[in-house]
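Morning, everyone. I will go through one structure today, taking cysteines, then a helix, then charged pairs.

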Amino acid sequence: MKSRVIFLFFLFILSSRLMAQHTLPVTILPSAPIGSPGVMSLNGTWKFLMLPSLQSTIPDGWIENEFNDLNWNEIRVPGNWEPQGFKEPEYGHDLTACIGLYRTRFSIPSDWKKQHVILRFDGVHMGYECWINGQFAGSYGSASTPCNFDVTPFLQTGTNTLCVKVTTRSFAWKFDTMDNWTYCGINRDVTLFTLPNQYIEDITFVSENCVNNEADIRIRVQTQENMNKALLRLSIQDENGRNISDFEQTIPGNGICEIKKHLTNIHLWTAETPVLYILEAYLCNTKGDILHHISHRVGIREIKAVGREITLNGKPILLRGVCASEVHPYLGSAYTREEWQKQLLQMKKAHINFIRTAHYPMHPIFYDLCDEMGFYVCDEIPLASRGGEYLTDNKYNTEIEERTITTISRDKNHPSVIIWSLGNENRTIAGSVATLVKKIDPTRLRGFPQIRDNMMTIIENPHPDINVLMGHYLNEKQLDIVAQKAKIPFLQTEYAHSLGLGFEDFERNWERILHTPGFVGGAIWCWMDGAAITNNAPKYSLLKGIMLDSLHYLDSYGYIKAQGALERNKEANDGIIYAEGTPQEDYWLVRKLYSPIQIMEDTLQFPLQLTIQNSYDFRTLKGYSLHWSLQNLSRQVDSGSISLEAAPKAKEILKIPSVLPKTVQYNDIMLYVSVIDEKGSSVYERTLPVKLGKKEYKKVMLSATPDKQMAVTVTDKGELVIKDKKDGNVLMQSPLYLRVGREFSQVLETKTSSNMFCWEPYILKPKIKSCKTHRIVKGHKTQLSCQWNRVDSIGQYINGEVTICVYDNGVTAIDYTLTASPKARGKLTECGLTLMMSPQINAFHWLGQGIYSSVPGKTRHNERGIWNLHKDDYRFSGNRSGVDIAFLSSSDGTGLIIWGESGNIGMDKKDGNIMLSQNVHVAGYGSKSSTPSCLLPLQDLQNKRGQILLLPRSKDTLHNSVVECFYKDGILPPSVPVRPFLKGYSW
């Protein structure tokens with residue numbers, strides 16, 4: 001009874017403010033889909049006039065029916081100004097104060113005249129006022145929450161005119177800006193629908209005591225007072241139409257019905273089993289005639305914080321999450337069902353089960369899809385930190401309450417919504433908001449997302465009305481403190497910031513979550529890059545955006561604005577998929593680590609046995625199968641499949657019924673494994689080497705038969721030349737370059753802003769101090785003394801002693817030793833001898849970890865296998881680790897076989913030519929929060945040794961040497977680059 005009175009009180013506060021301007025609660029919804037009788041969409045092409053400032057002259061009479069708008073532009077609604085060319089994109093709260101005027105015409109059916117007609121805006125950035133036929137209908141100022149206007153008094157027979165004035169300066173506009181592009185305009189659906197004189201105003205569905213396919217449900221229905229003994233009929237059906245339960249109650253004088261029921265033999269909702277039911281509500285007169293009908297899809301589930309765990313239906317759950325926003329280069333913030341469906345499917349394939357809406361409520365269709373597809377949602381009330389000043393100013397109290405109540409009122413019946421997030425990173429802890437949220441909806445979790453310093457002040461004594469701690473980017477020491485002192489669940493609502501491709505923290509952070517009691521999951525920042533499409537070159541650099549083609553650039557705010565700008569040194573290229581939808585390598589790392597199905601072994605031995613870990617919280621692996629193939633390089637020697645059965649949070653042991661073949665080429669055999677779900681899709685893959693003894697790829701190269709068609713020489717300038725004597729084609733004519741880093745990235749820009757520790761350029765041409773060649777047994781030896789100078793500093797250099805042995809069988813062995821000069825300063829991200837190929841060399845093939853780059857802290861997205869990439873593929877550049885043998889090939893079938901001592905082979909391009917590095921040192925990529933790990937200080941570069949073997953091969957001998965081993969049909973595959981854009985940013 002108490003909670004009902006409290007809810008009515010807050011609903012009264014909201015209604016009192018809104019009724020003054022013909023506004024109805026947002027819980028009043030159309031009773032049928034758009035296009036049905038009584039429901040009309042106003043989406044489409046409207047007339048539009050952009051005014052560049054708040055002081056611009058507004059045309060006289062523009063709200064009147066007879067106003068001539070023929071010379072106005074046309075605009076798509078829903079849609080934003082920026083993608084449609086009416087305004088330059090702006091970032092965060094560096095937002096021009098301007099106005100957009102909209103006009104559209106519509107006619108209503110004649111049978112609407114005896115009913116109320118409601119105009120609903122689902123979202124407008126930022127604030128707006130609207131007029132019907134010249135009469136003021138109302139105004140609203142929260143960009144991401146809906147508003148209903150009763151426009152019945154303003155309608156007329158025939159054509160009606162709706163006029164809307166949108167401004168970027170609503171009362172609390174900063175709440176609706178954040179660290180991303182700010183898109184403006186009517187960006188969500190506009191709908192007209194009818195409402196009878198007696199109607200259902202609100203429905204609240206709550207399920208409790210959900211366990212073993214049973215639950216108690218409470219349904220609260222709000223109608224008007226004094227309904228003259230009208231009847232309320234409710235039914236719950238499954239989605240096949242099977243009736244689960246019926247209810248009927250006479251509506252009391254206060255208009256509130258509250259029904260309780262115990263249900264049995266039901267299916268409980270989880271993200272793994274997203275079973276939905278249909279709740280039908282009928283308001284009937286005493287004769288049984290239906291006055292009003294509302295339908296909701298509901299899920300029966302119960303979310304709780306129990307001790308330091310989050311439980312769903314009585315069982316602890318783990319949240320594998322991302323932060324997501326509605327920012328798209330083509331759509332702006334005007335997301336469609338199709339776009340959300342596509343993105344949620346991508347998330348599902350990456351085993352993401354949790355989404356934090358950053359930093360506002362999403363389009364309503366997002367929640368319908370999350371309910372249906374199975375996602376847990378942290379729904380963020382739009383009180384973002386750029387408006388944090390409002391939280392301590394009493395004049396904004398009503399605005400804060402309205403945003404809070406409206407968000408909860410709109411989304412409270414979605415089973416996917418398990419947490420209310422009370423703003424984002426506000427330094428002021430708005431305890432009154434927590435109290436308000438708990439009073440309105442005590443059935444869900446509540447928390448304040450906090451940056452690390454603020455978070456550390458509330459660990460032991462959080463506000464009494466929050467029941468989950470939410471922290472951002474805590475370091476290891478801070479995480480230790482949380483682990484020791486927190487008394488309620490700890491959820492990292494932002495972690496593992498994916499800045500550019502610098503995602504080094506994720507592997508470590510996720511392992512910490514998995515193995516720390518009380519750590520219930522996290523949301524990676526973030527899901528997708530935020531970008532605005534421009535028709536010009538980048539304003540700053542390619543560090544923070546991508547060139548789609550020669551004319552179009554996806555700008556992730558990659559430039560520093562003038563002094564005095566509010567948003568400086570910001571970025572939005574921090575997703576795990578690019579802004580146009582292509583998954584980054586980070587996406588595949590998330591997919592591998594977030595998978596609830598894991599194989600615990602990294603290597604195998606005969607007899608073959610696998611341990612399968614099922615980390616699903618609710619579902620068994622029945623219906624899944626494990627498909628395996630035992631391969632000796634490209635030759636399959638055995639295969640099969642095994643049904644899986646592991647219970648939730650349990651392991652099962654599988655014995656692979658295969659024996660060791662009699663002959664195994666190069667002692668190299670691997671078990672390829674793929675887990676297939678009920679729909680036939682592969683959801684998890686591993687490649688596991690089988691221990692048989694040392695792999696002798698180096699010996700194979702050294703004992704190769706001569707290829708008399710190929711010639712290798714070292715010039716007196718220290719250049720290595722490899723060419724085909726038959727046709728004169730040069731495969732390589734390269735100085736002995738030295739790699740001392742990698743392509744400059746946004747992480748490096750961030751981490752070197754105060755200390756430029758890395759050397760630029762990162763590939764250095766040598767100064768040859770001496771070069772001597774003499775004959776040796778079975779070949780020639782050239783000894784070179786090289787010096788690679790730091791370009792921007794005198795006295796900083798690296799000395800190298802290089803020996804090149806060209807043997808008579810064509811094998812070229814390059815041994816080198818590197819030592820930094822006493823004055824050399826800085827730290828190296830990568831280091832190794834580097835050779836430049838000729839343009840016709842266009843593909844890299846390797847046996848090792850792939851297909852993506854591999855560095856310390858970012859490895860587990862790769863598997864050992866045989867891989868190949870064209871030099872124009874967007875995944876080409878980067879270090880590959882664990883490389884046992886590799887080769888470069890040209891379009892005519894000639895190539896170069898490669899063996900590197902450390903197994904680290906770096907690939908890069910310079911002026912279209914492949915740059916091959918044998919890396920003796922490789923550092924991590926770092927992240928926004930951390931400098932790259934394993935950096936090599938120049939002072940420690942002393943007598944660092946490396947070796948690389950090269951074996952040039954003509955078409956026939958390349959085939960006989962490696963192609964037939966690498967590829968099962970013995971044919972060199974065509975190298976076709978995957979190239980979704982012209983140029984992307986680096987790590």
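**Cysteines, a helix and salt bridges**

I will begin with a residue from the charged pairs: Asp 873 is buried, because its relative accessibility is 6%. Please keep in mind that this is a predicted model.

Asp 873 has a partner. Its side chain meets that of Arg 875 in a salt bridge, with 2.9 Å from N to O. I will come back to such pairs after the cysteines.

How many disulfides does the structure hold? The count is 0. For background, a disulfide is a covalent bond between the sulfur atoms of two cysteines. To count here, two cysteine sulfurs must lie within 2.5 Å. Take Cys 130: the closest cysteine sulfur belongs to Cys 147 and is 7.8 Å away, so that is too far for a bond. For Cys 831 the closest cysteine sulfur is in Cys 786, at 13 Å, and again that is too far for a bond. As for burial, Cys 130 has 0% relative accessibility and so counts as buried. Cys 831 is also at 0%, and is therefore buried.

Next, the helix. H4 covers residues 397-411, which is 15 residues. Does its length agree or disagree with what 1.5 Å a residue should give? The expected span is 21 Å and the end C-alpha atoms are 22 Å apart, so the two agree. H4 is also mostly covered, with 12 of its 15 residues buried. Among the buried ones are Glu 399, Glu 402, Arg 403, Arg 410 and Asp 411, which have charged side chains, along with Ile 400, Ile 405 and Ile 408.

Back to charged pairs. Side chains of opposite charge can pair when their charged atoms come close. A search of the whole structure gives 49 salt bridges.

One of them joins Glu 389 to Lys 174, with the closest N and O atoms 3.5 Å apart. Glu 389 sits in the loop between strand S28 and H4, and Lys 174 in the loop between strands S12 and S13, so the pair ties together parts 215 residues apart in sequence. Glu 389 is partly exposed, at 46% relative accessible area.

Another links Asp 808 and Arg 775, at 3.1 Å from N to O. Asp 808 is in the loop between strands S52 and S53 and Arg 775 is in strand S50, so this pair ties together parts 33 residues apart in sequence. Asp 808 counts as partly exposed, with 48% relative accessibility.

Lastly, salt bridges with shared partners join Glu 476, Asp 480, Asp 505, Arg 508 and Arg 512 into one network.

Notes:
Residues are numbered from 1 along each chain as its sequence is written. This is a predicted model: local features need pLDDT of at least 70, side-chain atom pairs count only at pLDDT 80 or more; totals for chains, interfaces and linings use all residues. Side-chain values use heavy atoms; hydrogens and water are left out. Buried means under 20% relative accessible area, exposed over 50%, partly exposed in between (1.4 Å probe, protein chains only). Helices (H or I, at least four residues) and strands (E, at least two) are DSSP runs, numbered from the N terminus. The expected span of a helix is 1.5 Å times one less than its number of residues. A salt bridge is a side-chain nitrogen of Lys or Arg within 4 Å of a carboxyl oxygen of Asp or Glu.
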